[in-house]
Amino acid sequence: MTSDTPSSLAEALAAGTVVLDGGMSNQLESAGHDLSDELWSARLLAERPEAITEAHLAYYEAGADVAITSSYQATFEGFAGRGIGRERAAELLALSVELAREAAKQAQAKGVTRPLWVAASVGPYGAMLADGSEYRGRYGLSVDELERFHRPRLEVLAAAGPDVLALETVPDAEEAAALLRGVRGLGVPAWLSYTVDGDRTRAGQSLEEAFGLAADVDEVIAVGVNCCAPEDVDRAVRTAVRVTGKPVVVYPNSGEAWDAEGRTWAGRSSFAAEQVSGWRGAGARLIGGCCRVGPEAIAGIAGALGR
């Protein structure tokens, strides 16, 4: 590592733009894995961990600097529903970080020389329900109850040593408040990323209110949006910069819509790598893709950013 190589993701953000990976589930499905299960990609942590490493590696080789772990839908409650106890569930959560680290080692062994980072995914409460409610929020739980749900998983993931905790696809400012409480004192930085509809959270709060919750939280090194339409990104970036002054993270979906009842994607893609220069110009510093955005699109993003 040279003297000008960033030693942390926060330093990398201060120095320039960082490329995120794309969707884990679509990459696993393209490799032939069946994810028609309430645990989604988290099921493969127990059954096919090498498949997750391969998916991470594909994104690192495509140009991603950050791999987001397969723990989005991995919760103690969700694993318990499949007969997996808390001790084994904690092992699987930690394994999600280890697999991303292993993929980074393999990428470097293949000649990738840039710094590679690992973001531990912390999905919303609705992801555990597996009924599409992460796109609605308003679960009927208090902030205290949501914090009690999230904190044990946050503790296990933080202890596994990721570079950052990705508090992602958050539909509701109240859940964001719980997550922001939950990351305090863990010793690992975090980013906070909402799923949005236009200029509001999925639960209907203004983005000014939602982003404002993170403005003075020292643990948060970036705020932004993910798992949304590409068309919703520009306004969100400008709002996040204005409200928080922090680096902005953006990784939208392909533009297709999720049908929770049919458990499938519908519509046409509106994602284009050419959009990212505008996002960067508005203040985005971590840029990638979410659902239905694969390695080819991430390579396009890296190219559009001059990487």
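**A parallel sheet and its helical neighbours**

In this predicted model, eight strands form an open sheet in the order β1-β12-β9-β8-β5-β4-β3-β2, and their pairing is parallel. At the borders of the sheet lie the edge strands β1 (18–19) and β2 (66–68), each of which pairs on one side only. As general background, the strands of a sheet pair through backbone hydrogen bonds, either parallel or antiparallel.

A good place to start looking is the β2 edge. Here β2 pairs with strand β3 (residues 117–122) in the parallel sense, over three bridges. Within this pair, A67 stands opposite V118 in β3. Helix α8 packs on the sheet, where it touches β3 and β4 (164–170). The direction of α8 makes about 165 degrees with that of β3.

Helix α8 also has a helical partner. Two packed helices are described by the angle between their axes and the distance between the axes. For α8 (residues 143–159) and α9 (residues 173–182), the angle is about 45 degrees and the axes are 8 Å apart. This angle makes α8 oblique to α9, and α8 passes α9 in a right-handed crossing.

On the α8 side, the contact is made by V143, D144, L146, E147, H150, R151 and L154. Helix α9 contributes E174, E175, A177, A178, L179, R181 and G182. Taken by residue type, the contact of α8 with α9 divides into six nonpolar, two polar and six charged residues. Helix α8 can thus be followed from its packing on the sheet at β3 and β4 to its contact with α9.

Methods: Residues are numbered from 1 along each chain as its sequence is written. This is a predicted model: local features need pLDDT of at least 70, side-chain atom pairs count only at pLDDT 80 or more; totals for chains, interfaces and linings use all residues. Side-chain values use heavy atoms; hydrogens and water are left out. Axes are lines fitted to C-alpha atoms, for helices over the stretch in contact, and angles run from 0 to 180 degrees between N-to-C directions. Helices (H or I, at least four residues) and strands (E, at least two) are DSSP runs, numbered from the N terminus. Angles under 35 degrees count as roughly parallel, over 145 as roughly antiparallel, 65 to 115 as roughly perpendicular and the rest as oblique. A crossing is left-handed if the near helix is turned anticlockwise from the far one by less than a right angle, and right-handed if clockwise. Contact means heavy atoms within 4.5 Å. Ala, Val, Leu, Ile, Met, Phe, Trp, Tyr, Cys and Pro count as nonpolar, Asp, Glu, Lys and Arg as charged, and the others, Gly among them, as polar. Two strands pair if DSSP finds at least two bridges between them.
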